[in-house]
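Trainee: I would like a close look at a single part of this protein. Please keep to that part and add the surroundings where they help.

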Amino acid sequence: MEQTAVINKSIQGGCFCGRIAYQVQLPVKWCAHCHCQNCRHAQGAPVVTWYGVDKNNFQYIKGKRDIAWFDSSEHAKRGHCIHCGTPLFFLGDNWENEIHITLESTKEDILQKPQVHVFYDRHVNYLHLQDELEKYGGPDGFTPLTEAKNSGEEK
Ligand SMILES: [Zn+2]
Ligand SMILES: [Zn+2]
């Protein structure tokens, strides 16, 4: 037996109205808070927490036809429930083999705490987060901001 209990565990999530449900086989690949403008605007929230899973570890339980996909950029699309609007998924060309899922649509523990803030230099100025996680930003959103911290720039 080389697989651990964690790897064998599967969890479920879905949209607010319950028409869409999905299942994820753990472990997830990563979990991160995203501060990019697209996430904030598309979801009407100051920050969106995502996790990524291998597409092979994801499956729909029901409601696949109730998902509306829209292109949020040339290289990515987002999926939400056509009935209740819950933002659920993100698919991007840069992560061909992954599906990204909103943590808040998953009610079970994914056994992975958020690891990092990405696109942090775009963060809103009305919400203050004081955790120890690393903060990434820059043009690609994924460059460590530790050096920029000393620049004295306030927002
Ligand atoms: Zn729904
Ligand atoms: Zn984002």
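Which residues have the most contacts inside the largest nonpolar core, and how many residues does this core have?

Mentor: This is a predicted model, and what follows should be read with that in mind. The largest nonpolar core has 21 residues. Those with the most contacts inside it are Cys34, Trp50, Val53, Ile101 and Val118. Five elements each give two or more residues to this core: S2, strand S3 (30–34), strand S4 (48–54), S8 and S9. Of these, S4 gives the most, with four residues.

Val53 is a useful residue to follow. Leaving out residues up to four places away in sequence, Val53 touches Val24, Val28, Lys29, Phe58, Glu98, Ile99 and Ile101. Ile101 is thus on the contact list of Val53, and both are among the residues with the most contacts inside the core.

Now the sheets. Strands S3, S4, S8 and S9 belong to an open sheet of nine strands with mixed pairing, in the order S6-S7-S8-S9-S4-S3-S10-S11-S12. Its edge strands are strand S6 (67–73) and strand S12 (143–144), each of which pairs on one side only. In that order S9 stands between S8 and S4. Strand S8 (residues 87–92) and strand S9 (residues 98–102) run antiparallel and are joined by two bridges. Ile101 appears here again, as the bridge partner of Phe89 in S9.

The remaining contributor, S2, lies in another sheet, an open one of three strands with antiparallel pairing and the order S1-S2-S5. The edges of this sheet are strand S1 (10–14) and strand S5 (58–62), each pairing on one side only. On average, neighbouring strands here are turned by 30 degrees against each other, with direction ignored. Four bridges join strand S2 (residues 21–25) to S5, and the two run antiparallel. One of the bridge pairs is Ala21 with Lys62 in S5. Val53 also touches Val24 and Phe58, where Val24 falls within S2 (residues 21–25) and Phe58 within S5 (58–62).

As for the setting, the protein has two helices and 12 strands. Along the sequence they follow the pattern α-β-β-β-α-β-β-β-β-β-β-β-β-β. Of its 155 residues, 25% count as buried. Among contacts between residues at least 6 apart in sequence, 54% join residues at least 24 apart. The contacts of Val53 with Glu98, Ile99 and Ile101 are examples of residues brought together from separate parts of the chain.

Notes. Residues numbered from 1 in each chain as written. Chains lettered and ligands numbered in written order. Predicted model: local features only at pLDDT ≥ 70, side-chain atom pairs only at ≥ 80, totals over all residues. Pairing = 2+ DSSP bridges. Axes fitted to C-alpha atoms, helices over the stretch in contact; angles between N-to-C directions. Core = buried A, V, L, I, M, F, W, Y, C linked by C-beta atoms within 7 Å. Buried ≥ 20, exposed ≤ 12 C-beta atoms within 10 Å, placed from the backbone. Contact = placed C-beta atoms within 7 Å.
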